[in-house]
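Let's take a friendly walk through a protein fold, one piece at a time. Keep the 3D view open while you read.

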Amino acid sequence: MTDRLITHLRHVDLAVPDFDKQCEFYTTLWGLTPVAEENGLVFLAAEGSPEQYVVRLRKDAEKRLDLISYGAGSAADVDALAERLGTAGVQLVSEPDVLQTAGGGYGFRFFDVDGRTIEVSADVATRQHRRIEEREAIPVRLSHVVINSPDPNRTQAFYEQHLDFALSDSLIHPYAGELMKFMRCNPQHHSMAIAKGPHVSLHHVSFEMRGLDEYMRGTGRLLRAGTRMVWGPGRHMAGDNTFSYFLDPHGNTIEYTTELEQLDEDAWHPSVYDVSQVENQDQWGTANPFEELVAKESFNDVDRGLFVAPPV
């Protein structure tokens, strides 16, 4: 086992121009619960998660990924990580301090190698959550986030060197080369993945459902509502999880998933999967074929918020 300072993924924060439309989608259709709203911000929780919120939406004239937040084991771990990053020359947005967001806690922010704002926090108060019942097709928790990078090897090296993420598996194509690197910060197969894209942007955000039945019922609800499904339903080879990818009202790709693989890290050895073999894309063979136009959907818009911290 490793002695990582980062323990898990907490939340993903997005800025959107049509705030009301985005809030309506994530609450009424996607199944998240609004827990607080103030000054053009809304905090959305997953009913099965102890995290205060898993998505934060902020009203802004321009769409962007505001930040990705990770948990640490203790305030001492937060301080140790901030010192490590600062000594290595990583640009800190803020020094460790008491957080003013929902649940409080202690944390800091920094820019990763591609310019995204990353937050690490500890001692955040847990939210009263509940067991998701059978056939209840709403997210249990945030599963993982995938980011686009023009240089996935450089991004991988940053997260391995500075944050102790480990490579679980990779996807390649015989003509396109390396396509995706699945990275973990705990025994979950991936809490983050790095996709090869033409520019830095958000690839997708994934939400864990209770089980296969709830995953399919949620997928069906979105389809009946006319939400565009980019790819799915199917089951990946890397990670062994199910997938249904949809577009939110601002063109961000979001995913319903379940049964993501839990690894024995001491015994795990990364595999390389060739996605030109269709069974490596979708074990079931139920999803629409993954081809160039499908891949482009998750390139997303260029994120213009790089190396610029969100206002809150």
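What follows is a short tour of a predicted model, covering its sheet, a helix, some unusual backbone spots and its aromatic rings.

## The sheet

Start with the open sheet, which is built from eight strands. Going across, the order is β2-β3-β4-β1-β5-β8-β7-β6, and the pairing is mixed. The two edges belong to β2 (33–38) and β6 (92–98). Each of these has a single partner strand, so one of its sides has no neighbour in the sheet. From one strand to the next, the twist averages 20°.

Now zoom in on two of the pairings. Strand β1 (residues 6–16) and strand β4 (residues 55–59) run parallel and are joined by five bridges. If you want to find one partnership by eye, look for V16, whose bridge partner in β4 is K59. β2 and β3 also share five bridges, but this pair runs antiparallel. Here you can look for P34, which has L44 as its bridge partner in β3. One handy thing to know while you trace a strand: in a regular strand, side chains alternate between the two faces of the sheet.

## A helix across the strands

Next, find helix α1, made of residues 19–29. This helix lies across β1, β2, β3 (41–45) and β4. Compared with β4, α1 runs at about 160°.

## Odd spots in the backbone

A bit of background first: most residues other than glycine have a negative phi, and most peptide bonds are trans. Which residue in the turn between β2 and β3 has a positive phi? That's N39, at about 50°. The two strands form a hairpin with two residues between them. N39 has 80% relative accessibility, so it counts as exposed.

D164 isn't a glycine either, yet its phi is positive, near 65°. You'll find D164 in the loop between α3 (152–163) and β10 (166–173). With a relative accessibility of 25%, D164 counts as partly exposed. As for peptide bonds, there's a cis one between G232 and P233, with omega at about -10°. P233 sits in strand β14 (residues 229–235).

## Aromatic rings

The model holds 15 aromatic pairs. Take W30 and F246: they meet edge-to-face, with 6.2 Å from centre to centre and 80° between the planes. W30 lies in the loop between α1 and β2, while F246 is in strand β15 (residues 242–247), so the pair ties together parts that are 216 residues apart in sequence. Are these two rings' residues buried or exposed? W30 counts as buried, at 0% relative accessibility, and F246 is buried with a relative accessible area of 0%. Both residues belong to one aromatic cluster, along with F25, Y26, F207 and Y256.

Then there's the pair formed by W231 and F290, which is tilted: the centres are 4.5 Å apart and the planes make an angle of 50°. This pair links distant parts of the chain, 59 residues apart. W231 is in strand β14, and F290 is in the loop between α5 (278–281) and α6 (292–297). W231 is buried, with a relative accessible area of 9%, whereas F290 is partly exposed, at 32%.

Note on methods. Residues are numbered from 1 along each chain as its sequence is written. This is a predicted model: local features need pLDDT of at least 70, side-chain atom pairs count only at pLDDT 80 or more; totals for chains, interfaces and linings use all residues. Side-chain values use heavy atoms; hydrogens and water are left out. Two strands pair if DSSP finds at least two bridges between them. Helices (H or I, at least four residues) and strands (E, at least two) are DSSP runs, numbered from the N terminus. Axes are lines fitted to C-alpha atoms, for helices over the stretch in contact, and angles run from 0 to 180 degrees between N-to-C directions. Contact means heavy atoms within 4.5 Å. Buried means under 20% relative accessible area, exposed over 50%, partly exposed in between (1.4 Å probe, protein chains only). Rings of Phe, Tyr and Trp (its six-membered ring) pair if their centres lie within 6.5 Å; planes under 30 degrees apart count as stacked, over 60 as edge-to-face and the rest as tilted.
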